[in-house]
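Please work through the following exercises with the sequence and the model side by side, and try each task before reading its solution.

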Amino acid sequence: MLEQNLFAGFGGQGMLLIGNFLAQAGMKEGKHVSWLPSYGPEMRGGTANCSVVISDKPIASPVITKATCVIAMNRPSLEKFESAVRPGGLLIVNSSLIDIKSTRKDIDVLYIPANETAEKTGSVKAANLVVLGACIGRTKCVSPESITEAIKEKLGEKKAKLADINKAALNAGIEMAAR
């Protein structure tokens, strides 16, 4: 198994955070992982993306040329990274903020209204967890239990009050991916 993921959006949307969650969950399951963040100097509001590789075998390089899954949270991210999805791969589009459709016919595309879905679960800030749920729901690269545990550990006691919202947002994404 080799999953190569690219998560992209603007700073503040939590793309680096969900990449870290995914890497942590992969480690919990005894898999080899790499997490490579990339962001502009202004972080919040600027562009931010990360790559997460999860494999059953040692990873030669964290650099991804063709991703098995790309999450695009805003239009510039879709325009930049749509071509990075390998044929047969998965593209997850935040349809709450992106008003165009993918032009690719050789990939699986999920249009997820992440912002509205997150708001229904209790906080629009959980939109990143909605798309992460869709990613793991479709790719099965890690289990929902591992992700939930990684989120809990990473956010710690300070954010424990958000556990129910986070879990609801993650599960909503998993359910959307099952359709």
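**Exercise 1.** Place L6 in its secondary-structure element, and decide whether L6 is buried or exposed.

*Solution.* In this predicted model, L6 belongs to strand β1, which covers residues 2–10. The relative accessible area of L6 is 9%, and because buried means under 20%, L6 counts as buried. Once the neighbours within four places in sequence are set aside, L6 has contacts that include C50, S51, I64, V70 and F81. R138 lies 132 residues from L6 along the chain, and the C-alpha atoms of the two are separated by 15 Å.

**Exercise 2.** Check whether the length of helix α4 agrees with its number of residues, then state how many of these residues are buried.

*Solution.* Helix α4 runs over residues 127–139, so its 13 residues, at 1.5 Å a residue, should span 18 Å. The end C-alpha atoms of α4 are 19 Å apart, which agrees with that expectation. As for covering, 12 of the 13 residues of α4 are buried, among them A127, L132, C135 and T139. After α4 comes K140, which has a positive phi, near 60°.

**Exercise 3.** Which backbone nitrogen does the side chain of N94 reach, and is N94 buried or exposed?

*Solution.* N94 is located in strand β5, residues 85–94. Its relative accessibility is 0%, so N94 counts as buried. The side chain of N94 reaches the backbone nitrogen of A114 at 3.3 Å. Not counting residues up to four places away in sequence, N94 also touches residues including Q13, A72, M73 and I112.

Terms used
Residues numbered from 1 in each chain as written. Predicted model: local features only at pLDDT ≥ 70, side-chain atom pairs only at ≥ 80, totals over all residues. Heavy atoms only, no water. Helix = DSSP H or I, 4+ residues; strand = E, 2+ residues; numbered from the N terminus. Buried < 20%, exposed > 50% of the residue type's maximum accessible area, 1.4 Å probe, protein only. Contact = heavy atoms within 4.5 Å. Expected span 1.5 Å × (residues − 1). Polar contact = N/O pair within 3.5 Å; in protein donor to acceptor, adjacent residues only side chain to side chain.
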